[in-house]
2 protein chains.
Amino acid sequence: MEICDYLPFWSKLTQEQQQTLERGVALYHASKGEIVHNGSEDCIGPLIVVKGQLRVYSYSDDGREVTLYRLFERDVCILSAYCMLNSLQFDISVQAEKDCVLYRIPAPVYKKLMQESAPVANYTTELIASSFSDVMWLLDQILYKHLDSRLAAFLVNESELNDSLQLKITHEEIAHHLGSAREVVTRMLKYFQNEHMVEIARGCITITDLKKLTQVAQDSLR
Amino acid sequence: MEICDYLPFWSKLTQEQQQTLERGVALYHASKGEIVHNGSEDCIGPLIVVKGQLRVYSYSDDGREVTLYRLFERDVCILSAYCMLNSLQFDISVQAEKDCVLYRIPAPVYKKLMQESAPVANYTTELIASSFSDVMWLLDQILYKHLDSRLAAFLVNESELNDSLQLKITHEEIAHHLGSAREVVTRMLKYFQNEHMVEIARGCITITDLKKLTQVAQDSLR
């Protein structure tokens with residue numbers, strides 16, 4: 001697939017704009033685990049996921065992390081281009097969760113297009129609104145939902161993403177994803193094990209009752 | 001002040017676009033406490049605060065509320081026009097915190113402008129990015145900061161907004177603002193009282209040591 005296939009506004013660009021974009025864009029390979037964008041240190045511009053999976057997360061001064069949302073193939077990461085927008089006043093980082101192939105559009109190239117073209121500007125608005133919606137969902141989870149249902153929802157989602165009931169993930173990593181502490185996650189996992197929903201082994205969690213876990217994800221234990 | 005003075009993109013519109021906007025816009029008076037936008041029930045379009053103060057908040061099924069951010073004179077409320085953007089997938093409400101005079105731009109009028117004009121689209125992106133930044137700040141507070149500093153920050157901020165050390169607000173209302181429970185807020189307020197930072201009376205909190213409270217707001221008690 002070419003760059004034009006990923007951008008719905010392509011046909012609304014002038015030929016000159018198309019050429020500028022084609023000349024500016026670069027393929028970028030990121031290894032699993034690599035930090036492709038790190039807070040306010042760099043403004044690399046929008047990233048298109050050609051292959052792989054990205055994790056967008058926030059972090060605190062003392063090293064805690066929370067996954068805000070994930071991006072999959074054909075998704076576009078706009079927060080890595082935060083310097084294009086004056087009003088984006090927060091730092092996030094982006095990590096490759098799998099080996100990734102990415103298209104990278106330099107921030108100045110994209111910014112110029114945005115200023116010239118209403119379709120590009122409106123597309124950008126939708127991207128920001130979509131990220132915003134993901135974060136609002138998370139805020140909702142944190143404010144109004146209990147950790148039990150959040151943890152259950154996380155495990156069910158991981159299982160779907162990996163197409164497996166065996167999840168190779170540590171309690172520490174789960175705690176990072178949920179913005180919680182390892183101890184809290186471990187306690188809740190043990191509770192789930194006692195309820196025969198999962199089996200815990202070193203570095204691996206096996207879902208033994210997906211139906212029940214899905215119920216907890218939807219309704220909470222309490 | 002005219003509508004053109006509130007919109008930085010005004011001079012970049014065609015004469016026809018300016019006329020459409022002027023014909024569509026309406027002055028709207030909202031009384032203190034009035035809900036001017038209520039979740040997905042209505043899509044009233046962007047609101048410009050001419051006079052007064054708006055509160056944008058999220059809410060749960062069981063009646064809990066959290067203030068996401070506030071809008072002051074000359075600010076523009078864009079989330080009341082969520083139907084203009086396909087990717088805005090969450091419900092918030094907007095309440096007048098003081099008697100308000102608002103300009104209201106009908107959603108279809110604004111949406112048409114956005115589609116035609118890159119300056120309008122880019123202005124909208126900045127508005128969304130600004131709201132997004134406010135919510136990210138809140139998420140940060142909730143995830144990484146303790147309630148003591150959040151409560152202290154809230155009281156200091158209220159005092160500045162009202163230009164008074166006497167705050168006429170109930171513990172219940174504070175809990176709504178902070179997404180916490182009344183009991184938790186009451187306990188923390190009593191702690192503050194014991195530390196001689198505030199004095200609590202029925203329906204009124206008096207800040208007695210603004211300097212110390214400001215310190216707690218910045219550094220947390222722990």
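Biologist: Why does Glu97(B) count as buried?

Modeller: Glu97(B) has 19% relative accessibility, and buried means under 20% relative accessible area, exposed over 50% and partly exposed in between (1.4 Å probe, protein chains only); Glu97(B) therefore counts as buried. This is a predicted model, in which local features need pLDDT of at least 70 and side-chain atom pairs count only at pLDDT 80 or more, while totals for chains, interfaces and linings use all residues. Residues are numbered from 1 along each chain as its sequence is written, and side-chain values use heavy atoms, with hydrogens and water left out.

Biologist: What makes Glu97(B) and Arg70(B) a salt bridge?

Modeller: A salt bridge is a side-chain nitrogen of Lys or Arg within 4 Å of a carboxyl oxygen of Asp or Glu. The closest N and O atoms of Glu97(B) and Arg70(B) are 3.0 Å apart, so the pair satisfies that definition. Arg70(B), at 14% relative accessibility, also counts as buried.

Biologist: Why is Glu195(B) called partly exposed, and what is its distance to Lys212(B)?

Modeller: Glu195(B) has 29% relative accessibility and therefore counts as partly exposed. Its salt bridge with Lys212(B) has the closest N and O atoms 3.8 Å apart.

Biologist: What is the relation between chain A and chain B?

Modeller: Chain A can be laid on chain B with an RMSD of 0.1 Å by a turn of 180° and a shift of 0.1 Å along the axis, with superposition by least squares on the C-alpha atoms of residues with pLDDT of at least 70 in both. That is the relation of a two-fold axis.

How values were computed
Chains lettered and ligands numbered in written order.
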